[in-house]
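I opened the structure to look up a few backbone oddities, the strand layout, the aromatic side chains and the main pocket. My notes follow in the order I made them.

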Amino acid sequence: RALNAHDVESMMALMSDDCVFENTYPPPDGERCVGQADVGDFWRKFFAGAPTANLRIEELVAAGDRAFGRWVYSWGEGHVRGVDIFRIQDGKIAEKLSYVKG
């Protein structure tokens, strides 16, 4: 809900202080952000450039300290499908690795 509300502060409250986020862009490996400030800055810039961004979760599976989520990201007239791989530590997201189809 925080992501679709573009509420970066609420999103970051769910992530560890030393969180890691690997974006899907640019190919082939995406941008890597480390720490609350870096990851938060990424999301602020992303939402500023994508004001209609919306993520619909298709499936979410948790197993121990890992979670996997299939999603559809849409904007305006377009969309892309992908998956996030999460590592959970002390109840917070410590790592979020994002991948897209195509």
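**Entry 1: cis peptide bonds.** I started with P26, which lies in the loop between β1 and β2 (32-34). The model is predicted, so I note every value here as computed. The bond that joins Y25 and P26 is a cis peptide bond, with omega at about 0°. I then checked P28, also placed in the loop between β1 and β2. P27 and P28 are joined by a cis peptide bond as well, and omega is again about 0°.

**Entry 2: positive phi.** Which residue that is not a glycine has a positive phi of about 60°? I found H6 with this value. H6 sits in the segment before α1 (8-13). Is H6 buried, exposed or partly exposed? H6 has 22% relative accessibility and therefore counts as partly exposed; the cut-off for buried is under 20%.

D90 was my next stop; its phi is near 55°, a positive value in a residue other than glycine. I located D90 in the loop between β5 (78-89) and β6 (92-100). With a relative accessible area of 77%, D90 is exposed, since exposed begins over 50%.

**Entry 3: the two hairpins.** D90 belongs to the turn of a hairpin formed by β5 and β6, with two residues between the strands. I counted the bridges next: eight of them join β5 to β6, and these strands run antiparallel. I picked out one bridge, in which I85 has L97 in β6 as its partner.

How many residues lie between β3 and β4 in their hairpin? There are two residues between these strands, and G64 in the turn has a positive phi of about 65°. Strand β3 (residues 54-63) and strand β4 (residues 66-75) run antiparallel and are joined by nine bridges. I noted two of the partners: L60 is bridged to G69 in β4, and A62 is bridged to A67 in β4.

**Entry 4: the sheet.** In what order do the six strands lie in the open sheet? I read the order as β2-β1-β6-β5-β4-β3, with mixed pairing. β2 and β3 are the edge strands, each pairing on one side only. On average, neighbouring strands of this sheet are turned by 15° against each other, direction ignored.

For a parallel pairing I looked at β1 and β6, which are joined by four bridges. Here E22 stands opposite L97 in β6. I had already met L97 as the bridge partner of I85.

**Entry 5: aromatic side chains.** I counted nine aromatic pairs. The one I looked at more closely is formed by F21 and F42, with 5.0 Å centre to centre and 55° between the planes, and is tilted. A tilted pair has an angle from 30 to 60 degrees, so 55° fits that class. The pair links distant parts of the chain: F21 is in strand β1 (residues 15-22) and F42 in helix α2 (residues 36-49), 21 residues apart.

Are F21 and F42 buried or exposed? F21 has a relative accessible area of 2% and is buried. F42 has 11% and is buried too. Both values are under 20%, which is why I wrote down buried for each. I also listed the aromatic cluster, which is made up of F21, F42, W43, F46, F47, Y73 and W75.

**Entry 6: the largest pocket.** What is the volume of the largest pocket? I noted about 870 Å³. It is lined by 30 residues, of which L3, W43, L55, D84 and K96 are the closest to its centre. W43 was already in my notes as a member of the aromatic cluster.

Which elements each supply at least two residues of the lining? I listed β1, α2, β3, β4, β5 and β6. The largest share, five residues, comes from β6. Sorted by class, the lining of this pocket has 20 nonpolar, six polar and four charged residues.

How values were computed: Residues numbered from 1 in each chain as written. Predicted model: local features only at pLDDT ≥ 70, side-chain atom pairs only at ≥ 80, totals over all residues. Heavy atoms only, no water. Pairing = 2+ DSSP bridges. Phe/Tyr/Trp six-rings, centres within 6.5 Å; stacked < 30°, edge-to-face > 60°. Buried < 20%, exposed > 50% of the residue type's maximum accessible area, 1.4 Å probe, protein only. 1 Å grid on protein atoms, 1.4 Å probe; cavity = no way out; pocket = protein on both sides within 12 Å on 5 of 7 lines; lining within 4 Å. Points joined across faces, edges and corners; volume = space filled by probe spheres on them. Nonpolar A, V, L, I, M, F, W, Y, C, P; charged D, E, K, R; others polar. Axes fitted to C-alpha atoms, helices over the stretch in contact; angles between N-to-C directions.
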